[in-house]
Amino acid sequence: MSLKKNASEIDSSSVELSFHGYLPQLLSRTFRGQSDLLYELERKTSIKDLIESLGVPHTEIDRIIVNNANKVDFSYIVMPADRIKVYPVSSQTDFFSPSRIRPALPHGFKFMCDVNVGKLARWLRIFGFDTVYENNFEDDELAEMASKTQRILLSKDCNLLKRKKVIWGHLVRVNDPIEQIVDVVQLFQLERLIQPYRRCLRCNGQLLRVEKEKVDHLLEPLTRKYYTVFHQCNTCCQVYWQGSHRSGMEANLQAVLGMCRETKSIM
Ligand SMILES: [Zn+2]
């Protein structure tokens with residue numbers, strides 16, 4: 001497969017590809033920013049392999065339409081003279097209904113974060129979302145675990161998201177953790193599901209209300225003196241109180257929530 005030089009019209013040996021939304025920005029350097037491409041087919045190829053060879057991970061695709069009529073899945077074998085339109089996932093995508101592209105998310109929004117988006121993982125936990133993050137997972141393990149536990153894999157690594165095992169995922173395209181969490185909240189329409197301070201920031205366990213007497217022996221003298229409401233992680237037993245979990249965080253949290261509600265999306 002190669003770029004058809006000096007071609008202005010589709011012919012019997014080439015295919016036409018149109019990338020919509022932000023997808024042209026994901027194309028490999030040679031083609032970046034171009035929404036319409038003509039290709040000469042040199043071998044039999046699935047549409048997944050063709051699109052990913054151009055740089056776009058399959059996780060970013062919402063639907064593919066061939067010859068203005070047929071919605072196809074990733075196994076579709078590209079035919080000469082095909083006209084292929086590729087549309088990105090967006091806040092309009094219904095992740096809970098099956099499509100030609102991928103099965104429905106079965107158990108609500110659960111996430112797995114690659115090592116390159118650790119601060120995004122922390123924000124997701126602050127907002128109460130079940131988020132697995134370990135900084136020692138290999139790519140194979142990440143893809144396998146995300147698939148097995150039916151989580152959305154968040155990463156800045158295109159090649160990780162191109163793996164077949166990855167069913168649900170999202171390419172994080174910004175560096176600032178605040179922009180990252182705003183992007184994820186807006187894309188997956190998470191705002192109404194946010195429940196701050198329900199997850200342990202250390203281990204992702206659930207925080208449960210605990211009587212002060214039960215954790216009294218774990219408290220510093222000033223904490224014991226000034227606080228009465230405590231929560232404890234059901235996994236690692238870390239104790240949280242208003243001054244621990246929320247110190248300096250509440251103002252940030254409200255600011256980020258405000259940004260998530262803005263209609264302007266970075267996508
Ligand atoms: Zn914990």
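The legends below describe an overview and several close-up views of a predicted protein model.

**Figure 1. Overview of the predicted model and its three domains.** The protein has 267 residues, and buried residues make up 46% of them. Domain 1 covers residues 2-88, domain 2 covers 111-191 and domain 3 covers 207-245. The centres of domain 2 and domain 3, taken over C-alpha atoms, are separated by 30 Å. The C-alpha trace spans about 80 × 35 × 30 Å along its principal axes. The protein contains 9 helices and 13 strands.

**Figure 2. The zinc ion and its cysteine donors.** The SG atoms of Cys200, Cys203, Cys233 and Cys236 are the protein donors, and they lie 2.3 to 2.4 Å from the zinc ion. Along the sequence these donor residues follow the spacing C-x2-C-x29-C-x2-C. Cysteine 203 sits in the loop between α5 (177-187) and β11 (207-210), while cysteine 236 sits in the loop between β12 (230-233) and β13 (239-241); the pair links distant parts of the chain, 33 residues apart. The arrangement is tetrahedral because the 4 donor atoms subtend angles of 95 to 116° around the zinc ion. For comparison, the ideal angle for four tetrahedral donors is 109.5 degrees. Cysteine 203 has a relative accessibility of 29% and therefore counts as partly exposed. Cysteine 236 is partly exposed too, with a relative accessible area of 28%.

**Figure 3. Positive phi values at asparagine 204 and cysteine 237.** Most residues other than glycine have a negative phi. Asparagine 204 has a positive phi, near 80°. Asparagine 204 is placed in the loop between α5 and β11, and its relative accessible area of 9% makes it buried. For cysteine 237, phi is again positive, near 70°. This cysteine belongs to the loop between β12 and β13. Cysteine 237 is partly exposed, its relative accessible area being 45%.

**Figure 4. Buried glutamate 60 and its polar contact with tyrosine 22.** Glutamate 60 is found in the loop between α1 (47-53) and β4 (61-66). Glutamate 60 is buried but has no salt bridge. The nearest side chain of opposite charge belongs to arginine 173, 5.3 Å away; a salt bridge needs a nitrogen and a carboxyl oxygen within 4 Å, so this pair does not count as one. The side chains of glutamate 60 and tyrosine 22 are joined by a polar contact of 2.8 Å.

**Figure 5. Threonine 59 and valine 166.** Threonine 59 is located in the loop between α1 and β4. With a relative accessible area of 2%, threonine 59 is buried. Its C-alpha atom is separated by 7.7 Å from that of valine 166, although the two residues are 107 residues apart along the chain.

**Figure 6. The salt bridge between glutamate 16 and arginine 83.** The count for the model comes to 9 salt bridges. In the bridge between glutamate 16 and arginine 83, the closest N and O atoms are 3.1 Å apart. Glutamate 16 belongs to strand β2 (residues 14-19) and arginine 83 to strand β6 (residues 83-88), so this pair ties together parts that are 67 residues apart in sequence. Glutamate 16, at 24% relative accessibility, counts as partly exposed. Arginine 83 also counts as partly exposed, at 37%.

**Figure 7. The salt bridge between arginine 163 and aspartate 140.** The two side chains meet at 2.4 Å, N to O. Arginine 163 lies in the loop between α4 (158-161) and β10 (169-171), and aspartate 140 lies in helix α3 (residues 139-148); the pair therefore ties together parts that are 23 residues apart in sequence. At 31% relative accessibility, arginine 163 is counted as partly exposed.

**Figure 8. A salt-bridge network of Glu144, Lys148 and Lys165.** Glutamate 144 and lysine 165 form a salt bridge in which the closest N and O atoms are 2.6 Å apart. Glutamate 144 is in helix α3 and lysine 165 in the loop between α4 and β10, and the pair links distant parts of the chain, 21 residues apart. Glutamate 144 counts as partly exposed at 27% relative accessibility, and lysine 165 counts as partly exposed at 48%. Salt bridges with shared partners join Glu144, Lys148 and Lys165 into one network.

Note on methods: Residues are numbered from 1 along each chain as its sequence is written. Side-chain values use heavy atoms; hydrogens and water are left out. Domain bounds come from an automatic or database domain assignment. Donors are N, O and S atoms within 2.8 Å of the metal (3.2 Å for Na, K and Ca); water is not among the atoms, so sites may look incomplete. Four donors count as tetrahedral if all angles lie between 85 and 135 degrees; four count as square planar and six as octahedral if opposite donors are over 155 degrees apart and all others between 65 and 115; anything else is irregular. Helices (H or I, at least four residues) and strands (E, at least two) are DSSP runs, numbered from the N terminus. Buried means under 20% relative accessible area, exposed over 50%, partly exposed in between (1.4 Å probe, protein chains only). Lys and Arg count as positive and Asp and Glu as negative; His and the chain ends are not counted. A polar contact is a pair of N or O atoms within 3.5 Å; within protein, one must be able to donate a hydrogen and the other to accept it, and residues adjacent in sequence count only if both atoms are side-chain atoms.
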